[in-house]
Structure formats: structure tokens, C-alpha cells
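Trainee: I am new to this structure and would be grateful for a close look at a single part. Please take the charged pairs and explain how each of them is placed.

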Amino acid sequence: DSYLKHYAGPSAPSRRASMPVEASGECLDVTGRVSSASARWKTGPRNADAETRFRSVKHGVHTESVVRGGRAVDVSDRNILCMSIFGDSVAFGSADHGIAEIAAASGTKKRSLHSKRYGHAEWVTSVSHCADGRILSAGMDTKLCLWNASGVVCSDLTGHRGSISKVRCSAVGPPRAVSCSYDRTLRVWDLVSKRELCSMGGHSGPVLDFVWTAGRVISGGRDSMVKMWDLATGECSGTMKGHQGHITAMHVTEDDHIVATGAQDGNVRIWDLRARRNTNNMEAHPGGAVNEIKHVSSSAKTQELLVTVGADGRVLVLEPRMQYNPLLVIGPTHEDFVYSMCVVDTLILTGDGKGVILCHDSAAAAAEPCYALHPMDNAIRCMGAVDNILVCAGDDGNATF
């Protein structure tokens with residue numbers, strides 16, 4: 001309809017326009033931002049040697065939590081599954097059905113978003129801040145909750161018929177959100193009227209992830225397909241085949257017409273959205289899935305390189321000018337599966353299933369990490385950055401700053 005066309009047409013603002021928030025494509029980047037990467041990032045946090053002990057309830061059992069390094073916050077008695085950063089505010093979604101909003105600088109809890117009247121009835125699977133400070137959460141209960149910027153009141157956005165995999169909010173243009181679900185659809189939401197604008201169906205399996213750029217949404221599913229959707233019409237404008245197995249990672253590059261995807265087959269593929277074809281295919285992580293794809297600055301800071309991490313425990317830095325062949329191969333250096341990754345300037349931080357974080361400097365091209373942190377005992381599911389603060393959370397139910 002015309003409302004959609006107003007947002008998604010060719011004149012939609014570029015993500016390169018000046019914005020007070022960090023963006024990935026046309027949606028907010030929920031992993032936060034760093035205004036300037038100081039030397040402190042290369043030497044490690046000042047509170048890396050601190051040890052915090054506190055008693056809490058975890059999975060229904062009274063336990064003593066020991067946090068080695070950082071400032072710990074007891075967020076939930078269940079696993080933390082997702083995170084969104086907006087300014088100094090960090091929202092954590094967990095298996096306890098709630099969202100906790102924490103101030104990164106002080107570590108104080110601002111509010112808990114769950115009550116008998118408002119909130120989710122199942123695990124919170126994805127969370128994203130809106131550009132105006134509201135919080136949009138998604139759950140296994142098939143609904144989205146749009147929380148006011150203050151207080152503990154939300155509006156339910158319903159329409160999905162299966163667990164919601166991801167939700168992301170717009171960084172430019174009118175307030176919009178896109179969600180994808182196990183019901184094999186993606187849906188576009190108007191965050192002002194709080195209504196569904198369109199439903200996009202075409203995948204033959206659950207839709208696991210998507211990126212949003214230049215008025216288009218590119219989705220990946222369990223059916224191994226990559227599909228492109230036109231937000232002006234809600235129609236599928238292209239289906240791109242090549243991967244074997246689930247699509248497990250997606251990233252829109254600095255060029256809004258280039259998207260990188262990773263899958264269970266361990267391959268990373270580069271797609272040209274204008275030509276609607278696969279231009280490069282790398283056997284990046286043989287024997288296991290590609291877990292994450294992000295971008296990292298080159299040593300000269302003149303261009304964007306891709307960085308991937310996979311089930312083989314390796315980190316690859318891919319050079320676009322070399323047909324996306326590896327410029328640097330790191331590891332495997334972790335002793336366990338790598339679940340999360342955060343990139344700050346040229347630094348690559350990876351978190352594993354034993355609660356260990358390793359920091360490598362891609363500019364130094366060294367196999368040994370700059371430093372190691374051990375803030376948790378179990379898997380680190382989320383990592384992000386707020387200026388000079390590293391934020392991580394995971395299966396312990398704690399957040400560490």
C-alpha cells in the first residue's frame with residue numbers, strides 16, 4: 001500500500017546519513033557502538049582481575065555465583081538468550097519470559113519488563129531497541145511486545161503463528177520493525193499505529209534470520225534458501241540458492257547491495273542483490289556451521305573486511321579485494337564451541353561455551369590473543385560494546401560489564 005511505499009521506495013534515506021544510533025543496513029545494530037577505540041581495548045579491561053561472589057537462585061537452586069573479572073549483575077535465574085544496546089541502556093531477554101533493562105555505566109537495574117498483565121508467556125528469543133527508546137521483544141509465544149520507553153506497560157503485536165526467531169527495528173525513516181518466525185513468514189510492523197503492514201511468505205521452512213537494507217529485506221531459513229523481499233510491495237523479488245543446510249548467519253556489507261551469508265555447510269557466500277546471484281563461495285569453516293559474520297576495520301582503516309567465526313573454532317578475516325579469500329586465519333584457540341563475537345575497530349572478541357573470551361587484533365595478524373577473560377562458567381550467548389565497556393551475558397543468567 002502507499003504507506004509501505006512511502007517508507008521503502010528508492011528515496012528512502014541511506015544508512016550513511018548522520019544518525020545518533022549505530023545501524024546495520026536500515027535497522028538498528030543491537031550490539032551497541034564504540035565512539036572511539038582507545039588503547040584500553042587492546043590491553044584489556046581495568047577490572048579484569050576483579051572477583052565478585054554473590055548468592056542467588058539459578059534454575060530454581062540457591063547457588064553462589066563467582067564472576068572472575070568485570071562487574072557482575074544478577075539478571076535472571078534462567079539463561080539469557082538475547083541482548084540489545086541503545087546508548088547506556090542494555091536490554092536482556094531471557095528464558096524466564098522477561099526483559100531486564102540495565103544501565104551499562106553503573107550496572108544498576110532500571111526496570112524489569114514482565115508482569116501478570118504485560119509481557120511474554122514463553123522464552124524471549126529476540127529484543128531490539130527502537131530509535132525513540134522503546135523496546136520491542138519477541139518470544140516463543142508467537143507475539144511481539146512493544147514496551148513504552150518508561151514504565152512496565154506494553155502493547156502486544158500479534159499475527160505470527162510460531163516462535164519468533166528475530167526482530168529488528170528501523171534506524172531510518174518512519175518507525176518500523178521486521179520480524180521472522182518458525183511459521184515460515186516475515187512480517188512488517190508499523191510502530192506508531194502498532195499494526196501489521198504486511199506478511200511475507202515463501203520459505204518452505206522456519207525463517208531464522210534476515211538483514212534489512214535499501215528498502216529490501218533478505219531472509220535466510222532452514223530450507224537453505226536466501227530470499228529477497230521488496231518492502232514497497234511485500235513481494236518476493238528473488239530466491240537465491242546455493243547453501244546446504246540451515247542459514248545460520250547473515251550480514252549486510254558496507255555496500256548496501258552486497259550480503260554475506262553462512263550456513264550449516266560451513267560455507268560463506270557473497271550475494272550481489274542487483275544481479276541476484278552468488279558471486280563468491282568460500283569453504284570457510286568445514287565440518288560445522290558458520291556462527292557469526294560481522295565486519296572489522298582494516299589496519300589502515302580505509303575499508304571494511306568481513307570476519308567470520310564457525311563451529312571449527314577458527315576466526316577468518318576475509319578480504320573483498322581478494323575475492324573474499326582469507327587475509328588472516330586465527331585458531332582454533334578456544335577449547336569449546338564459540339557462540340558469540342563482538343568487533344571493536346580492528347579487535348575481534350569471541351566468547352565460548354566455557355565462559356571464556358579471547359581478544360585478537362586483526363591488524364597485528366598474530367595467532368596469540370591480546371588477552372583472555374573468564375567472566376562466566378557457562379556459554380556466553382551475547383556480546384556488545386558501550387563506548388569503553390564490554391558487555392556479555394549467557395547461560396549463567398548474569399551480565400558482566
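**Salt bridges and their surroundings**

Mentor: In this predicted model, Arg-78 pairs with Asp-77 in a salt bridge whose closest N and O atoms are 3.9 Å apart. Arg-78 counts as partly exposed because its relative accessibility is 32%, and Asp-77, at 26%, is likewise counted as partly exposed. A search of the whole structure finds 14 salt bridges. In general, side chains of opposite charge can pair when their charged atoms come close.

Another salt bridge joins the side chains of Arg-187 and Asp-183, with 3.7 Å from N to O. Here Arg-187 is buried, with a relative accessible area of 10%, and Asp-183 is buried as well, at 18%. These two residues are linked with Glu-196 in a network of salt bridges.

A further pair is Arg-381 with Asp-395, whose side chains meet at 2.9 Å, N to O. Arg-381 belongs to strand 35, whereas Asp-395 sits in the loop between strand 36 and strand 37 (398-400), so this salt bridge ties together parts that are 14 residues apart in sequence. Arg-381 is partly exposed at 34% relative accessibility, while Asp-395 counts as buried at 15%.

Strand 35 (380-386) and strand 36 (389-394) also each supply at least two residues of the largest nonpolar core, which has 16 residues. Val-391 is among those with the most contacts inside this core; the residues touched by Val-391 include Cys-382, Met-383 and Phe-401.

How values were computed. Residues numbered from 1 in each chain as written. Predicted model: local features only at pLDDT ≥ 70, side-chain atom pairs only at ≥ 80, totals over all residues. Heavy atoms only, no water. Core = buried A, V, L, I, M, F, W, Y, C linked by side-chain atoms within 4.5 Å. Buried < 20%, exposed > 50% of the residue type's maximum accessible area, 1.4 Å probe, protein only. Helix = DSSP H or I, 4+ residues; strand = E, 2+ residues; numbered from the N terminus. Contact = heavy atoms within 4.5 Å. Salt bridge = Lys/Arg side-chain N within 4 Å of Asp/Glu carboxyl O. Lists of a residue's contacts leave out its neighbours within four places in sequence.
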